[in-house]
Each structure stands twice: as C-alpha cells, then as structure tokens.
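Let's take a walk through this protein chain, starting with the overall picture and then stopping at a handful of residues. Keep the structure open beside you as you read.

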Amino acid sequence: MRTFNLPANSLMRSKDFLFGVATSSFQIEGDRKGRETCIWDTFCAQSGKISDNSNGDDACRHIEKWKDDVELISSLGVDAYRLSISWPRVMTSDGDVNEMGMQFYVNLVDELVRRGIKVFVTLYHWDLPQHLEDNGGWLNRDTAYAFEKYATAVASTLGDKVYAYATLNEPFCSAYLGYELGVHAPGLTGVGRGRKAAHHLLLAHGLALRVLRATCPNSLHGIVLNFSTCHPATNNEEDKIAAKLADEYHNQWYLKPVIDGQYPSIIHQLRDVDRPDIEEGDMDIISQPIDYLGINYYTRTVYKATPSDSADVNFGFEIVEPTNTPLTAMGWEITPDAFTELLVNLHQQYALPPIYITENGAAMDDEMIDGEVNDVDRIDYFNSHLNAVNVAIEAGVDIRGYFAWSLMDNFEWALGYSKRFGIVHVDYDTQKRTLKQSAHVYSELVKNRINGTLAV
C-alpha cells in the first residue's frame, strides 16, 4: 500500500499539527424539505446550469445519516472536522430561528465534541437564502446585516463548543463566479456586480467577526480564502504584468482588505461605475484582526497579456489553459511547487495570523472495482501537496493544520455529481459509504503521529 513520504522530522508528523476532513452543507445534507429555498436550489432548477441536470435535494443525505458519518470521521482518527451551517436551514424567511434546523447542528457538534473531534464551523458556504437574493442578494448592503443576525443566532447557540469559526468560505467564488461570470448561483454577470458583491461579502465578514468574538471569546475566528498562484505564460514583460494584475484581481482583492484594510491598486483601473460603494468605516470593519487564515488551494493559473477589449475583466489578462501536463479530473494542473510558492509569498507579503490549510484535494476518475477504489492518483496528489506544505513550514510559514477536501463524494456545484473529490466513495443510489485507498493512507498518517514537537 502506498504511504505519504513526509520527512521523518517533519513537524506535520507531530500531534501538535492538526489534521482534518471537510464538507459543506449544500453539498452533502439533502433534506430539501427541512429548510428554506437557497440560491442553489433556484440555480439547479434552471435548464442547462448543472452539467448533469442534478440538484442538492438528496445529495449524501447527511441530515439522515449524520450519526454514521460522525462514526466514519472518528474512525479515520482525524483531529478535526470542518463543516458549514446551512443559513436557510437555521433561519426562516421572517428572520427567526428555525429551532428544528438549529437543533440538528447542536446535536452534530455535541457528538463531535464528545468524541474529541475539534469542530471548525463555516457560516457561509455559498447557500444564500433565496428570499435575500430576491431583494438583491450580495448586491444589497442589507444582506451583510442579515448575515450578522444569522451569525449571532449560530454563535449564541453553539458557543465555545466550536473550536474555530470561519465567517465565509471563498468569497471569490460567491462574488466572481456567482455575480460576475454567472457560472455559479445566482448566475448574474458584470464586473460591477462582482465587485459590489465582493465588498458586501467582506463587510458581512467584518460584521459577523465582531459578533463571534463577543459571543464566543474562547473560540478561534477567521475567514477562508481560496488562492490560485498566478504565473505568466512567458517571460515577456507584458505577460508578467498580466499575471500580477490577475493576482490582484482574483487573490489579493479578498486578502488585502482583511489584513491591510484596503483594496489592491487594480481597483483604480476599474471604471467608476464598476467600483464598489465603500462607506465610511467599512474598511475598519473588514480589517479587524483575525485569529487564523484558512487557505484553500487546488492548482495554479497561467495568464497572458491580451488587448483590454478582449480580456476576461478588461484589464489585459487572459487565462492560458494547461497542455501537456498532468491534470486532475477537473482539468486542473497538478502543481504542488506553486502551493509552496503561494504560502511563502503570502507569508512574506503580509503580517499573517496562523494558517490552516482548510481545503486541498483532487477530483479523480475513480473506479469502484470489487468493492474498492484504489485511487493511487489522489494519494500521489495528497502526498505531493502535503510535502509542499511541509516545505513552506520549513521556510518559516506558521501553518497549524491541514484539511483534506473532501470527506466524501458530493454535489460538486455546477458539475453536479459528475466529479468526485472524496476520500470516501458515495454510491448515490444506495448511499453506501466506502473508504477509498486514499482514506486509509490519510488515516495511517494521522494515527501514526507522535506526541510532542519534532526538531527540524
């Protein structure tokens, strides 16, 4: 059986380093009748939006099978489980708490804590209640204050039993994919919409952060951002500038306001009509200190310079699709070196709090043969990326933990059930869970760590 070949003296081989698995509510929960409608329900109902014409009505039926799923998580020996709360499950359209929906998370968190598993809760993993979208969604500043009220309800209920809260998961995806490109819910387009949505999401983060810190002073509080290292297609100066602009627009746009209280300089290249409405005090709210930064990483992106009238966001950069290189089933390059580069660069560029790798993993073309999934390609992906994290730690980056994405196969947004990221295989007809070989290898690493800190 393959194993992960982290160096013998790696700090990641110590029990001081946290290992976990992650999921999100809409992707696994099912139980459509137990919650309000969200923007992904509406998006799935539109013809041609989901590649296999599926939806999240059943997903992995986690609401029904949660006890079995907690047992499965526990069997892996991981330290932590990262989950998200379904906003439309715990809050009604009238703004009241849905007690039955909230109780589900109380029971789930209590059982995880009872088993000694640290709970990382994400408040927003893209499933905005549809009634808020009907009033403008993230284009409406009021949504940030609705989020503050929702955060208050969750924090007041779950309290310090949650080890770490994250306000948002990947606001880039919510804003850029959902309101600018339109390939994710709610399917709107336009640079101005994307930038406005991003600002209101970050404002929501800041508003919720104040509530979380006041209500749960013994928990950690942060935000989860996704990054894709931006590389130039050639050594030409034009392509280098294109990659830098792309990095500001897609990566730094979400981190720099949180850490430095300002948007990157590319904001000045936006047309006036496309710039977000930044009110007095907004940046102070957004840039409150966080206890940790969650980083999600999957691949790098390559950019070339292009005339501004044909660029994807009118700034003279365009993605170059990978060729003649190993890819995941998503068509993404497998680039662990770029992962190390990202972590080291962010460490050098910002005064960052401790980092958790809150998502890393790969969709692969899994095959179930004789009741087993021997996903060697996924094992190799994890191995190379765990080593990439280790190199960053050795370079001085303060990384405290790593979460494999994902615990189980699930609803992969616009791609439906056609792509599998899980270390646990899910038969969507029978709902049977089967540990893939990657789960066994990951569990072996986790269970064979030592107590105390290893010397580098």
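Let's begin in a loop: Asp31 sits in the stretch between helix 1 (25-28) and helix 2 (39-44). What makes Asp31 worth a look is its backbone, since its phi is positive, at about 50°, although the residue is not a glycine. Asp31 has a relative accessibility of 33%, so it counts as partly exposed, given that the partly exposed class runs between the 20% and 50% cut-offs. Bear in mind that you are looking at a predicted model.

Glu170 makes a good companion to Asp31. Here, too, a residue that is not a glycine has a positive phi of about 50°. Glu170 belongs to the loop between strand 4 (164-169) and helix 8. Is Glu170 buried or exposed? Its relative accessible area is 6%, and because anything under 20% counts as buried, Glu170 goes into the buried class.

While we're on backbone oddities, have a look at the cis peptide bonds. One of them runs from Ala185 to Pro186, with omega near 10°. Pro186 is in the loop that links helix 8 (171-181) and helix 9 (191-215). Another cis bond joins Trp405 and Ser406, and there omega is about 0°. As for Ser406, look for it in the loop between strand 11 (399-405) and strand 12 (424-426).

Now zoom out. How many helices and strands does the protein chain have? There are 14 helices and 13 strands. The radius of gyration is 21 Å, close to the 23 Å that the globule rule gives for 456 residues, so the chain is as compact as a globular protein of that length. Along the principal axes, the C-alpha atoms fill a box of roughly 55 × 55 × 45 Å.

What about the inside and the outside? Of the 456 residues, 60% are buried. If you take the contacts with a separation of 6 or more, 77% of them are between residues 24 or more positions apart. On the outside, the accessible surface comes to about 17,600 Å², and carbon and sulfur atoms account for 46% of that. The chain carries 39 positive and 63 negative charges, and the mean positions of the two sets are 3 Å apart.

Next stop, Arg82, which you'll find in strand 2 (residues 80-84). With a relative accessibility of just 1%, Arg82 counts as buried, because the cut-off is under 20%. Which backbone oxygen does its side chain reach? It is that of Thr358, at 3.3 Å. Leaving aside residues up to four places away in sequence, Arg82 also has a good list of neighbours to click through: it touches Val21, Ala22, Thr23, Phe120, Thr122, His125, Asn169, Val224, Asn296, Thr358, Glu359 and Phe403. Thr358 therefore turns up both as a touching residue and as the owner of that backbone oxygen.

Finally, turn to Trp66 in helix 3 (residues 62-76). Trp66 has a relative accessibility of 13%, so it counts as buried. Not counting residues up to four places away in sequence, Trp66 touches Phe104, Asn107, Leu108 and Glu111. For a sense of scale, measure across to His199: the two residues are 133 residues apart along the chain, and their C-alpha atoms are separated by 35 Å.

Technical notes: Residues numbered from 1 in each chain as written. Predicted model: local features only at pLDDT ≥ 70, side-chain atom pairs only at ≥ 80, totals over all residues. Heavy atoms only, no water. Helix = DSSP H or I, 4+ residues; strand = E, 2+ residues; numbered from the N terminus. Rg over C-alpha atoms; globule rule 2.2 N^0.38 Å. Buried < 20%, exposed > 50% of the residue type's maximum accessible area, 1.4 Å probe, protein only. Contact = heavy atoms within 4.5 Å. Areas by Shrake-Rupley, 256 points an atom, 1.4 Å probe, with all protein chains shown as cover. Lys, Arg positive; Asp, Glu negative; His and termini not counted. Charge placed at Lys NZ, Arg CZ, Asp CG, Glu CD. Polar contact = N/O pair within 3.5 Å; in protein donor to acceptor, adjacent residues only side chain to side chain.
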